[in-house]
Amino acid sequence: MAKILIIGCGGVAAVAIQKCAKKADVFSEICIASRTVSKCDALKEKLAGATAAKITTAQVDADNVEELIALIEREQPKAVLNLALPYQDLTIMDACLACKVDYIDTANYEAEDTEDPAWRAVYEKRCREEGFTAYFDYSWQWAYRERFEKAGITALLGSGFDPGVTSVFSAYALKHYFDEIHYIDIMDCNGGDHGYPFATNFNPEINLREVSAKGSYWEDGRWVETEPMEIKREYDFAQVGKKDMYLLHHEEIESLAKNIPGVKRIRFFMTFGTSYLTHMKCLENVGMLRTDPVLFEGREIVPIQFLKALLPDPASLGPRTVGKTNIGCIFTGVKDGKEKSVYIYNVCDHQECYRELGSQAISYTTGVPAMIGAMLVMEGVWKKPGVFNVEEFDPDPYMEALNEYGLPWVVEENPVLVD
């Protein structure tokens, strides 16, 4: 029994916090911290009388390392679960290093201001050396590896669904079904309908930046970059049906290319409807997806942050979203000298998630794995000094926990492949 400090109080955090509260034998104390402490207090009130865990709240600016250090020193948690924005990964890692406390997150670092000259210089060097132009990558966090080793603490990166569960699926497939995996197709299908003309299922700023960027995939030891939404495929997803899906750049491609030996190609696909893509292209064309400040009526605003304020809060979509998600990976490789293919996936129902925790399935499928990753670190099951992606640990305990805590998975042999 120990305390966990959870930074963030959005939709994903609400799921993770409620799941942690149900595991009071592991998370005996939970401190919820955010810039807006009233949101933390609302979560605490929701859990009052429903858990044996002691819930406390705190205010913190996750961009401020000194504030984070002061909070960690005051609360003395065994681990910090970062469910804030990816912009704040490095400040939270810095604070964990200073306090020698384990760190867990769900998404890799990206810069909030992509026009910042110092960040831009590092970014452009990486583009030249690595061959992809996405604004997010693991190099910033992997650079902490030696410092975390020397501090004797663990940083677990990307314990969401994708990245996270999809990476654990990859390690599990390699351990149990293949001698060598050659091809991985990660497929994220959201068959849900929230009824709005346009809304995003997770943080609008992060979502729109990701989707509007160039796509890329790993093949034969190098990155191949594509124009945004250039590559489209159709797939018939179990319990959802036929959907158009588009190739995107995604962070788990980067880590899996390093950690799955012998892999020849890794691609990531996500489903989108025509209405979503039309709205997004229009917003992009008029400059609403810009990440650099513009002057408006005497003050600076960032267009994509203003757009975020106009769009529905993803945390509010739960009661009105119907349908299911289907997220998983198709693996092709060899076992005992013979080629084979396996599809491992999870189907999650939006309304079942809402009935259980008041969330839609996108928050649920990220929040539950965040809790599982934190639990495995807190219990010492996934615990060693350094910075690690989830596929670098034994997948079996994580896979068992997925079945136990609400994300059961299916293994389908000889699936229909993506061309």
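**Reading the sheets and helices of a predicted model**

Modeller: Let's start with the open sheet: seven strands in the order S3-S2-S1-S4-S5-S6-S17, paired in parallel. Keep in mind that this is a predicted model.

Colleague: Okay. Which are the edge strands here?

Modeller: An edge strand pairs on one side only, and here that goes for strand S3 (54-59) and strand S17 (386-389). As for twist, neighbouring strands of this sheet are turned by 20 degrees against each other on average, ignoring direction.

Colleague: Which strands does helix H4 touch when it packs on the sheet?

Modeller: Helix H4 (residues 89-99) touches strand S1 (2-7), strand S4 (79-82), strand S5 (102-105), strand S6 (154-157) and S17. The direction of H4 makes about 160 degrees with that of S5.

Colleague: Back to the S3 edge. How many bridges link S2 and S3?

Modeller: Six, in the parallel sense, with S2 covering residues 27-34. To see one of them, find Cys 31, whose bridge partner in S3 is Thr 56.

Colleague: And how should I picture side chains along a strand?

Modeller: In a regular strand, they alternate between the two faces of the sheet. Now go to strand S15 (residues 324-335), where nine of the twelve residues are buried.

Colleague: What does "buried" stand for there?

Modeller: Under 20% relative accessible area. By that cut-off, S15 is mostly covered.

Colleague: Which strands pair with S15?

Modeller: Strand S7 (residues 180-190) pairs with S15 over ten bridges, antiparallel, and Ile 184 stands opposite Phe 331 there. Strand S16 (residues 338-349) is also antiparallel to S15, joined by twelve bridges. For a landmark in that pair, look for Thr 325 opposite Cys 348.

Colleague: What sits between S15 and S16 in the hairpin?

Modeller: Two residues. Check Asp 336 in the turn: its phi is positive, about 55 degrees.

Colleague: Now helices. Why is H9 described as largely enclosed by the rest of the structure?

Modeller: Count the buried residues along the helix. In H9 (residues 204-212), nine of the nine residues are buried, so the rest of the structure largely encloses it. Charged-looking names don't escape the list: Glu 205, Arg 209 and Glu 210 are among the buried ones, along with Ile 206 and Leu 208.

Colleague: What covers those residues of H9?

Modeller: The cover includes strand S11 (241-248), strand S12 (265-271), helix H11 (274-285) and helix H12 (303-310).

Colleague: How many residues of H10 are buried?

Modeller: Seven of nine, so to speak of helix H10 (residues 251-259) as mostly covered is fair. The buried ones include Glu 251, Ile 253, Leu 256 and Ala 257.

Methods
Residues numbered from 1 in each chain as written. Predicted model: local features only at pLDDT ≥ 70, side-chain atom pairs only at ≥ 80, totals over all residues. Heavy atoms only, no water. Buried < 20%, exposed > 50% of the residue type's maximum accessible area, 1.4 Å probe, protein only. Helix = DSSP H or I, 4+ residues; strand = E, 2+ residues; numbered from the N terminus. Contact = heavy atoms within 4.5 Å. Pairing = 2+ DSSP bridges. Axes fitted to C-alpha atoms, helices over the stretch in contact; angles between N-to-C directions.
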